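Welcome, and please open the model in your viewer. We will go from one selection to the next and look at what is there.

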Amino acid sequence: MDPKSMVYLGAALCMGLGAIGPGLGLGNAVGKALESIGRNPESSKAMGGTFFVGLAFVEAIGIYALVTSLVLIFLKG
Amino acid sequence: MQAENMQKLSEGIRHAVEFHTVYPLGHAPATETQSIWNAWGVHLDTLVWTWVAMAILIVFALIIRGRLKMVPEANSSQNFLEMIWDFFAGIAHDLVGEDADRYMPIVVSVFFFVLLGNLFGLIPTFIPYTRDVNTTVGLALFSFLAFTYFGMAKKGFWGWVTHFMQPVPQLAHTLEGGMKYVMIPLLFVLFVLLNIIEEFARIISLSMRLFGNIMGKHIVMAILLGLTVFLSVVFEPLPIFVWMIGLIASMVQAMIFALLTLAYIAGAVGEHH
């Protein structure tokens with residue numbers, strides 16, 4: 001296979017495999033948040049700041065995979 | 001009609017990712033491989049839009065300063081600014097303690113600059129200058145300078161240098177026996193490397209998180225809004241939902257950047273337990 005097609009293959013694999021981790025992490029986090037709301041409905045007031053900050057941190061890991069894919073596509077292919 | 005819609009879609013994506021580069025010294029790259037190392041090119045569209053954002057922020061700040069009131073009215077801009085200031089000041093007082101007000105101007109200024117940069121992406125002909133990795137790396141380097149400077153100012157030069165070996169003095173008390181003369185230098189080297197790498201990882205993670213989110217959001221919005229040409233026959237308000245996702249992500253990323261800058265400053269300035 002020539003290098004150009006390997007670049008696209010690598011970019012696709014990078015983003016695809018890199019979406020598994022944040023998907024699991026975000027699902028766990030939101031699941032636990034919903035569980036705590038179900039157990040104690042007043043805890044939905046605490047969701048304001050900490051919840052979204054935590055979500056953004058976990059999301060950033062998937063964004064690193066996206067950035068790697070973009071670098072591969074636009075700079076090497 | 002299918003072909004020209006696909007062409008408009010790819011043009012939208014190309015508009016989202018391309019930069020208008022000028023070479024003020026005249027050294028345009030001659031070949032493809034030279035372009036990565038060509039440091040004399042300037043992204044003119046990013047630069048112009050950062051000037052526009054700076055002008056907007058400075059003009060608004062001067063206008064609001066001209067009509068400051070002790071008790072701001074209900075829906076005024078001063079009230080909005082105080083809301084944002086109070087949000088960061090609450091967290092700063094929790095993290096730092098007394099002299100949190102020294103660090104507030106930098107954090108809130110960074111917040112507004114990043115917020116304007118992200119929100120420009122939602123307006124049709126504006127360009128979100130934070131989609132350019134040069135802007136985000138510049139902002140991350142500025143945060144690095146901020147927390148390094150504040151750490152050095154609070155603790156002195158040697159205080160800042162010795163904070164690189166930080167967990168070792170506490171750990172050294174818990175070790176006993178003959179092995180500790182071998183373990184302590186090993187742990188020392190390990191933790192110094194770890195802390196130095198952490199400082200660089202902070203710069204990279206700050207810049208790449210913001211760049212990836214905004215560039216990714218811009219591309220995804222271009223694709224989704226291109227697809228709504230087909231789907232808005234069925235469901236008319238569809239572009240509004242695409243736009244709202246972009247709005248929420250922009251504001252959250254601006255808040256994350258400023259909050260992390262504040263946390264790093266607090267970590268550099270604070271005492272160790």
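Two residues are in contact here if their C-beta atoms, placed from the backbone, lie within 7 Å. With that cut-off, ten residues of chain A are in contact with 13 residues of chain B. On the chain A side of this meeting place, the residues divide into ten nonpolar, no polar and no charged. Keep in mind throughout that this is a predicted model. For the complex, the predictor gives an ipTM of 0.78 and a pTM of 0.86.

**Stop 1: chain A**

Select chain A and colour it by secondary structure. You should find three helices and zero strands, in the pattern α-α-α along the sequence. Turn the chain around: its C-alpha atoms fill a box of roughly 60 × 20 × 10 Å along the principal axes. How does the radius of gyration of chain A stand against that of a compact globule of 77 residues? Chain A has 18 Å, while such a globule would be near 11 Å.

Buried residues account for 16% of the 77 residues in this chain. Now look at the contacts within chain A between residues at least 6 apart in sequence: 86% of them join residues at least 24 apart.

Next, colour chain A by confidence. The mean pLDDT is 88, and 99% of the residues score at least 70. Which elements of chain A have the lowest and the highest mean pLDDT? The lowest belongs to H3(A), at 86, and the highest to helix H2 (residues 20-39) of chain A, at 93.

**Stop 2: chain B**

Move on to chain B. Its secondary structure comes to eight helices and two strands, and reading along the sequence gives α-β-β-α-α-α-α-α-α-α. The C-alpha trace spans about 80 × 60 × 45 Å along its principal axes. The radius of gyration of chain B is 24 Å, whereas a compact globule of 273 residues would have one near 19 Å.

In chain B, 24% of the 273 residues are buried. Of its contacts with a separation of 6 or more, 66% are between residues 24 or more positions apart.

The confidence colours are worth a look here too. Chain B averages a pLDDT of 84, with 90% of the residues scoring at least 70. Confidence in this chain is lowest in helix H6 (residues 167-174), with a mean of 75, and highest in H4(B), with 94. Where pLDDT is low, the predicted coordinates should not be read in detail.

**Stop 3: helix H2 of chain B**

Select H2(B), residues 44-66. At 1.5 Å a residue, its 23 residues should span 33 Å, and the end C-alpha atoms are indeed 33 Å apart, so the two agree. Show the side chains of B:Thr46, B:Trp49, B:Thr50 and B:Ala53, which are buried in this helix. What covers the buried residues of H2(B)? The cover includes strand S2 (42-43), H4 and H5 of chain B.

**Stop 4: the largest nonpolar core**

Bring both chains back into view. The largest nonpolar core has 49 residues, and those touching the most other members are B:Tyr103, B:Val110, B:Val114, B:Phe257 and B:Ala258. Elements from both chains give two or more residues to this core, among them H1 (3-18) and H3 (50-76) of chain A, and H7 (180-231) of chain B. Which element supplies the largest share of the core? That is H8(B), with eleven residues.

Zoom in on B:Val110. Apart from neighbours within four places in sequence, B:Val110 is in contact with B:Leu139, B:Phe257, B:Ala258 and B:Thr261.

**Stop 5: two residues to finish**

Pick B:Ile91, in helix H3 of chain B. B:Ile91 counts as partly exposed because it has 18 C-beta neighbours inside 10 Å. Leaving aside neighbours within four places in sequence, B:Ile91 is in contact with B:Leu259 and B:Leu262. B:Ile91 and B:Leu262 are 171 residues apart along the chain, yet their C-alpha atoms are separated by 8.5 Å.

Last, find B:Met244 in helix H8 of chain B. Is B:Met244 buried or exposed? It has 11 C-beta neighbours inside 10 Å, so B:Met244 counts as exposed. Draw a distance from its C-alpha atom to that of B:Leu122: the separation is 9.1 Å, for residues 122 apart along the chain.

How values were computed: Residues numbered from 1 in each chain as written. Chains lettered and ligands numbered in written order. Helix = DSSP H or I, 4+ residues; strand = E, 2+ residues; numbered from the N terminus. Rg over C-alpha atoms; globule rule 2.2 N^0.38 Å. Buried ≥ 20, exposed ≤ 12 C-beta atoms within 10 Å, placed from the backbone. Core = buried A, V, L, I, M, F, W, Y, C linked by C-beta atoms within 7 Å. Nonpolar A, V, L, I, M, F, W, Y, C, P; charged D, E, K, R; others polar. pLDDT = per-residue confidence, 0-100. Expected span 1.5 Å × (residues − 1).
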